[in-house]
Amino acid sequence: MDDGTEEPVIVRPPGRLERLVIPATVLSNTLQGLALGRDREMLAFWIGAELPGTAGATRALVSTVAFPRIRSGYSRFELAEGEMGHITRWCGKHGLWILAQVHTHPTDEDHSEADEAEPVSHRPGFLSVVIPYFARFSTVREPRWRAYEHQGGGDWRAINPEVRFEVLSDVWISGSE
């Protein structure tokens with residue numbers, strides 16, 4: 001039946017990303033939004049799409065940061081009911097994927113057991129980024145982040161964000177010639 005509504009296009013999710021390209025503006029908005037939590041954990045999702053790779057490397061561009069509704073405290077957060085459905089429908093409509101969950105911790109600590117047991121995605125290659133001290137001391141030039149990659153089967157591995165993440169500087173072009 002053709003009722004005028006478009007079916008979302010289902011595409012293969014990205015696998016292991018050799019490189020995650022994050023525009024400086026997206027990173028700045030992420031850090032500012034996370035810091036609004038002040039003394040409670042906050043959560044954001046980096047949403048984007050896979051880019052054509054070079055020499056077989058898989059790269060993705062973060063195009064959007066989403067701040068879902070959550071309930072949170074000093075050392076915990078929980079998604080509000082229905083939030084994942086809302087975000088995944090939006091991603092499907094736009095042909096995008098949640099590439100990483102980005103969240104704060106109260107101190108400079110590793111990925112917690114809760115982080116590893118309850119990620120928003122169990123897809124191998126999914127990324128989880130931790131910003132310590134509720135993002136208070138992080139900047140675009142020094143995000144002070146820790147990053148982890150899901151290996152499948154509930155296993156996570158620390159990754160070096162300096163190697164795997166590329167912050168894409170904003171470019172300001174002067175007026176026309």
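In which strand is R59 found? In this predicted model, R59 belongs to strand β3, and the surroundings of that strand offer a convenient entry to the fold as a whole, which is described below from the overall composition to individual residues.

The secondary structure of the protein chain comprises 4 helices and 10 strands, which follow one another from the N terminus in the order β-α-β-β-β-β-α-β-α-β-β-β-α-β. Of the 177 residues in the chain, 41% are buried. Among contacts with a separation of 6 or more, 67% are accounted for by residues 24 or more positions apart. The chain exposes about 10,400 Å², of which carbon and sulfur atoms supply 51%.

Eight of these strands are assembled into a sheet. The sheet is open, its 8 strands are arranged in the order β9-β8-β7-β6-β2-β3-β1-β10, and the pairing is mixed. Strands β9 (155-159) and β10 form the edges, each of them pairing on one side only, and the twist from one strand to the next averages 30°. Towards the β9 edge, strand β8 (residues 146-152) runs antiparallel to β9 and is joined to it by 5 bridges, with E149 having R157 of β9 as its bridge partner. Helix α2 (residues 83-94) packs on the sheet, where it touches β2, β3 and β6, and its direction makes about 20° with that of β2.

Strand β1 pairs in the parallel sense with β3 over 3 bridges, and also in the parallel sense with β10 over 4 bridges. In the pairing with β3, L20 has A60 as its bridge partner, whereas in the pairing with β10 the partner of V21 is E166. Because 4 of its 5 residues are buried, β1 is largely enclosed by the rest of the structure.

Helix α1 (residues 24-35) lies across β1, β2, β3, β6, β7 and β10, running at about 75° to β1. The helix has 12 residues and reaches 16 Å from its first C-alpha to its last, which is close to the 16 Å expected at 1.5 Å a residue. Its buried residues are A24, V26, L27, T30, L31, G33 and L34. An α-helix has 3.6 residues a turn, so residues three or four places apart point the same way. In α1 the buried residues pack against β1 (19-23), β2 (43-51), β3 (59-66), β6 (97-104), β7 (127-131) and β10 (165-168).

One of these helix residues, G33, counts as buried because its relative accessibility is 12%, under the 20% limit. Beyond residues up to four places away in sequence, G33 touches M42 and F67. The C-alpha atoms of G33 and V65 are 9.4 Å apart in space, although the two residues are 32 positions apart in sequence.

The largest nonpolar core contains 37 residues, of which L20, I22, W46, I47, I131, W145 and F165 touch the most other members. Strand β2 gives the most to this core, with 5 residues. The contacts of I22, when residues up to four places away in sequence are not counted, are with L27, W46, V62, W145, F165, E166, V167 and L168.

Two polar residues in the strands may be set beside this core. Q101, placed in strand β6, is buried, with a relative accessible area of 3%. Leaving aside neighbours within four places in sequence, Q101 is in contact with L43, A44, F45, D115, P119, V120, F126, L127, S128 and V129. R59 in strand β3, by contrast, counts as partly exposed, since its relative accessibility of 26% lies between the limits of 20% and 50%. With neighbours within four places in sequence again left aside, R59 is in contact with L17, R19, A49, E50, L51 and P52. Between R59 and P14, which are 45 residues apart in sequence, the C-alpha to C-alpha distance is 8.7 Å.

Key
Residues are numbered from 1 along each chain as its sequence is written. This is a predicted model: local features need pLDDT of at least 70, side-chain atom pairs count only at pLDDT 80 or more; totals for chains, interfaces and linings use all residues. Side-chain values use heavy atoms; hydrogens and water are left out. Helices (H or I, at least four residues) and strands (E, at least two) are DSSP runs, numbered from the N terminus. Buried means under 20% relative accessible area, exposed over 50%, partly exposed in between (1.4 Å probe, protein chains only). Contact means heavy atoms within 4.5 Å. Accessible areas come from the Shrake-Rupley method with a 1.4 Å probe; for residues, only the protein chains shown count as cover. The expected span of a helix is 1.5 Å times one less than its number of residues. Two strands pair if DSSP finds at least two bridges between them. Axes are lines fitted to C-alpha atoms, for helices over the stretch in contact, and angles run from 0 to 180 degrees between N-to-C directions. A nonpolar core is a set of buried Ala, Val, Leu, Ile, Met, Phe, Trp, Tyr and Cys residues joined through side-chain atoms within 4.5 Å.
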